[in-house]
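Open the model in your viewer and get ready to click along. We will go from stop to stop, selecting a few residues each time.

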Amino acid sequence: MTTEPRADGDVTAIDQSTGRVGDVVFAGLARSSGLLIMLALAGVAIFLVVQGSGALGNTGDAVYGKDSIWGYVGPLLFGTLLASAIAMIIAAPLAIGVALIISHYAPRPIAKTLGWLIDLLAAIPSVVYGLWAFSLALQLVPAYDWLVRNLGWLPFFEGPVPNSGRTMLTAGIVLAVMALPIITAICREVFAQTPKTHQEAALALGATRWEMIRMTVFPYARSGMISAVLLGLGRALGETMAVALVLAPSLLVSFNLISAERTSSTIAANIALNFGNASGAKIDTLIFTGLVLFVLTFAVNFLGRAVAARGVAKG
């Protein structure tokens, strides 16, 4: 920024003029970036609609032996939702607990290190998680055998347990670890924004630390926690390689979580496993399943953003 004075010795006008130019450039870059993202999203949506709409009339071999495209998509959508639900049941309480430790319990050096380690999980490629799942699955076989012996009367744990341990429950556990960083990061930031005066007032009235968190932190952070879980759910819904390396392609609707023979698969994993060998109408079918996943993921993320925005507006 130039500071040469004008003839009358006033540099204010020059500074303001330069600042206005910077504001205009920054605003233009921001608008262009936002427009570019919207165009990219619209391009993906248009491609999926145009290419996938041809599958609406497919039958027989084009939909892998099903009577209609919906008979093909239905089991995959069920498996996607089931795997993601398992992931959220595991990840949500764990992420909230870790976020509380970081924000309210652990000493600052430990909290900083723990937060860094949790964030590091987001940088690990999904294929690495899939490879880790092979080792994890073998370690889980004894636990699955115990579930069959003691809870086999439930449809979730009927078995039989495969020697490989590669089951829907294993896939859900891997997805939970992958969704953990985003849920933890958002909850941590929301917990840290709770007004200090509210927390100090609760402690001054004799509340324990847990009572203070329950009465002040959770009510303030409720919408943020919900949006965090929904965004984590969106992460789990679209995961491909980690699930593809764990689950075999199948078109079953089954609540059995620890069997390889009677288990469901997910949309993303099914596309990854079948697209290389598909041709003609089968490609349209797989693209249509991608459109269904796109709509589902978009809806979940939109809902998460809406809940977060509503919470901010109320605050």
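**Stop 1: a ring pair**

Select tryptophan 70 to begin: this residue is exposed, with a relative accessible area of 53%. (Buried means under 20% relative accessible area, exposed over 50%, and partly exposed in between, using a 1.4 Å probe and protein chains only.) Before you go on, note that this is a predicted model, where local features need pLDDT of at least 70, side-chain atom pairs count only at pLDDT 80 or more, and totals for chains, interfaces and linings use all residues. Residues are numbered from 1 along each chain as its sequence is written, and side-chain values use heavy atoms, with hydrogens and water left out.

Now add phenylalanine 288, which is buried at a relative accessible area of 6%. A search of the whole structure finds 8 aromatic pairs. Tryptophan 70 and phenylalanine 288 form an edge-to-face pair, 5.2 Å centre to centre with 80° between the planes. (Rings of Phe, Tyr and Trp, the last by its six-membered ring, pair if their centres lie within 6.5 Å; planes under 30 degrees apart count as stacked, over 60 as edge-to-face and the rest as tilted.) Tryptophan 70 sits in helix 2 (residues 69-105) and phenylalanine 288 in helix 10 (residues 281-314), 218 residues apart, so the pair links distant parts of the chain. (Helices are DSSP runs of H or I with at least four residues, numbered from the N terminus.)

**Stop 2: two helices**

Which residues of helix 4 meet helix 5? Select helix 4 (residues 126-151) and helix 5 (residues 168-192), whose axes come within 8 Å and cross at roughly 130°. (Axes are lines fitted to C-alpha atoms over the stretch in contact, and angles run from 0 to 180 degrees between N-to-C directions.) That makes helix 4 oblique to helix 5; angles under 35 degrees count as roughly parallel, over 145 as roughly antiparallel, 65 to 115 as roughly perpendicular and the rest as oblique.

Among the helix 4 residues in the contact are Tyr129, Trp132 and Leu136, while the helix 5 side includes Ile173 and Val177. (Contact means heavy atoms within 4.5 Å.)

**Stop 3: a ring cluster**

Finally, select Phe78, Phe156, Phe157 and Phe255, which ring pairs link into a cluster. Within this group, phenylalanine 156 is partly exposed, with a relative accessible area of 33%, whereas phenylalanine 157 counts as buried at 14%.
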